Amino acid sequence: MGIIGTIVVGLIVGLIARALHPGRDSMGIIMTIILGIAGALLAKYAGQFLHIYSEGQSAGWIASIIGAIVLLVIYGAIKRSRAA
């Protein structure tokens, strides 16, 4: 997949993750794309570590969305701890 395809998939995954995650997130479109790409990478490497995916195999859509939601939860926890 090329860079444009990665950006488009990252945007879609990031938007879906932000829609499914409860609460208000003050992220722009660039951060949403980065969130989606990072979620897909998290799902890929976590799946390879758990032997769900083989080497060179990418994560699916659902796993990528779950990875992005996990990153949103971590981001929210860090943001709350800094505000306190």
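Which residues are buried in α2? In this predicted model, the answer for α2 is Thr 32, Ile 33, Leu 35, Gly 36, Gly 39, Ala 43, Gly 47 and Gln 48. The buried residues of this helix pack against α1 and α3, so a look at the whole chain helps to place them, beginning with the definition of burial as under 20% relative accessible area.

The protein chain contains three helices and zero strands, and its elements follow one another as α-α-α from the N terminus on. Along the principal axes, the C-alpha atoms of the chain occupy a box of roughly 40 × 30 × 20 Å. The radius of gyration is 13 Å, which agrees with the value near 12 Å for a compact globule of 84 residues. Burial applies to 27% of the 84 residues. Among contacts with a separation of 6 or more, 54% join residues that lie 24 or more positions apart. The chain exposes about 5700 Å², and 72% of that area is supplied by carbon and sulfur atoms.

Attention can now return to α2, which covers residues 29–49. The 21 residues of α2 should span 30 Å at 1.5 Å a residue, and its end C-alpha atoms do lie 30 Å apart, so the two values agree. Within this helix, Thr 32 and Ala 43 are separated by eleven residues in sequence and by 16 Å in space, C-alpha to C-alpha. Just after α2, His 51 adopts a positive phi of about 65 degrees.

Thr 32 deserves a closer look. Its relative accessibility is 0%, and Thr 32 therefore counts as buried. Leaving aside residues up to four places away in sequence, Thr 32 is in contact with Gly 10, Leu 11, Gly 14, Leu 15, Arg 18 and Met 27. An α-helix has 3.6 residues a turn, so residues three or four places apart point the same way. Helix α1 spans residues 3–20, and the partners of Thr 32 include Gly 10, Gly 14 and Arg 18.

The third helix, α3, has 23 residues and reaches 33 Å from its first C-alpha to its last, close to the 33 Å expected at 1.5 Å a residue. Its buried residues are Ser 64, Ile 65, Gly 67, Ala 68, Leu 72 and Gly 76. These buried residues of α3 pack against α1 and α2. Ala 68 offers an example: beyond residues up to four places away in sequence, Ala 68 touches Val 13, Ala 17, Leu 35 and Gly 39.

Several of these names return in the largest nonpolar core, which has seven residues: Val 13, Ala 17, Met 27, Leu 35, Ile 65, Ala 68 and Leu 72. Two or more residues of this core come from each of α1 (3–20) and α3 (61–83), and α3 gives the most, with three residues. Leu 35 is a buried residue of α2 that also belongs to this core, and Met 27, another core member, is among the residues that Thr 32 touches.

Notes
Residues numbered from 1 in each chain as written. Predicted model: local features only at pLDDT ≥ 70, side-chain atom pairs only at ≥ 80, totals over all residues. Heavy atoms only, no water. Helix = DSSP H or I, 4+ residues; strand = E, 2+ residues; numbered from the N terminus. Buried < 20%, exposed > 50% of the residue type's maximum accessible area, 1.4 Å probe, protein only. Contact = heavy atoms within 4.5 Å. Rg over C-alpha atoms; globule rule 2.2 N^0.38 Å. Areas by Shrake-Rupley, 256 points an atom, 1.4 Å probe, with all protein chains shown as cover. Core = buried A, V, L, I, M, F, W, Y, C linked by side-chain atoms within 4.5 Å. Expected span 1.5 Å × (residues − 1).
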